[in-house]
Amino acid sequence: MQTPLVVVMGVAGTGKTTIGPLLAAGLGVPYAEGDRFHPPANIAKMSAAHPLTDDDRRPWLDAIGAWAHERAELGGVVSSSALKRSYRDRLRAAAPDIVFVHLTGDRALIEKRMSERQGHFMPTALLDSQFATLQPLEPEEAGVTVDVAGSPEQISERALAALGRLQRGSHRDQTQR
């Protein structure tokens with residue numbers, strides 16, 4: 001079985017930074033925090049509550065894609081909002097075997113979690129723009145959708161189980177609750 005290369009995706013506040021390392025540990029592969037690939041101008045723009053444009057995201061996606069390309073044979077987990085199909089296509093162009101774990105959940109729960117986190121540059125004011133931009137995984141995209149209700153351990157267990165089913169050849173999983 002090939003070592004998986006996973007992108008943990010979803011709107012801000014779904015727990016990508018929390019679930020990503022748990023998935024990586026469960027899969028026995030390294031984790032890379034997607035926010036660290038942002039150029040400083042992107043961080044400044046989001047910190048000022050301005051949503052990124054597609055042009056802003058290109059260098060960030062290319063940096064994540066380069067990391068994924070280097071890890072293609074070794075496996076790894078990286079976080080990235082990957083909100084649009086075109087963003088995911090760009091990542092797949094760099095590493096065709098990428099699998100997406102789309103973290104989804106109730107907007108009120110996500111906003112609550114965002115408001116409770118400390119030291120993060122993304123304000124809750126941008127949550128609406130994140131949901132407006134989000135294009136969920138399409139049936140032909142390799143990936144699974146996992147609900148973010150519950151503890152991080154429960155969420156990562158559901159994600160690992162869904163990835164296991166996907167690797168065994170099942171069609172793209174529906175939301176795992």
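Helices are DSSP runs of H or I, at least four residues long, numbered from the N terminus. In this predicted model, two such elements, helix 3 and helix 4, carry the salt bridges followed here. The structure holds 12 salt bridges.

Helix 4 offers a contact within one element. D89 and R85 both belong to helix 4, where four residues, about one turn of the helix, separate them. Their side chains meet in a salt bridge, with an N to O distance of 2.9 Å. This contact is part of a wider arrangement: salt bridges with shared partners join R85, R88, D89, R92, E138, E140 and E141 into one network. D89 has a relative accessible area of 32%; D89 is therefore partly exposed, as this value falls between the 20% and 50% cut-offs.

A similar description applies to helix 3, which spans residues 54-71. Here R58 and D55 lie three residues apart, about one turn of the helix, and their side chains form a salt bridge at 2.0 Å, N to O. R58 is partly exposed at 34% relative accessible area, whereas D55, at 55%, is exposed.

How many residues apart are R90 and D62, the pair that links distant parts of the chain? The side chains of R90 and D62 meet in a salt bridge of 2.7 Å, N to O. R90 lies in helix 4 (residues 85-94) and D62 in helix 3, so placed that the pair is 28 residues apart. R90 counts as partly exposed, with 33% relative accessibility, and D62 is likewise partly exposed, with a relative accessible area of 39%.

Technical notes: Residues numbered from 1 in each chain as written. Predicted model: local features only at pLDDT ≥ 70, side-chain atom pairs only at ≥ 80, totals over all residues. Heavy atoms only, no water. Salt bridge = Lys/Arg side-chain N within 4 Å of Asp/Glu carboxyl O. Buried < 20%, exposed > 50% of the residue type's maximum accessible area, 1.4 Å probe, protein only.
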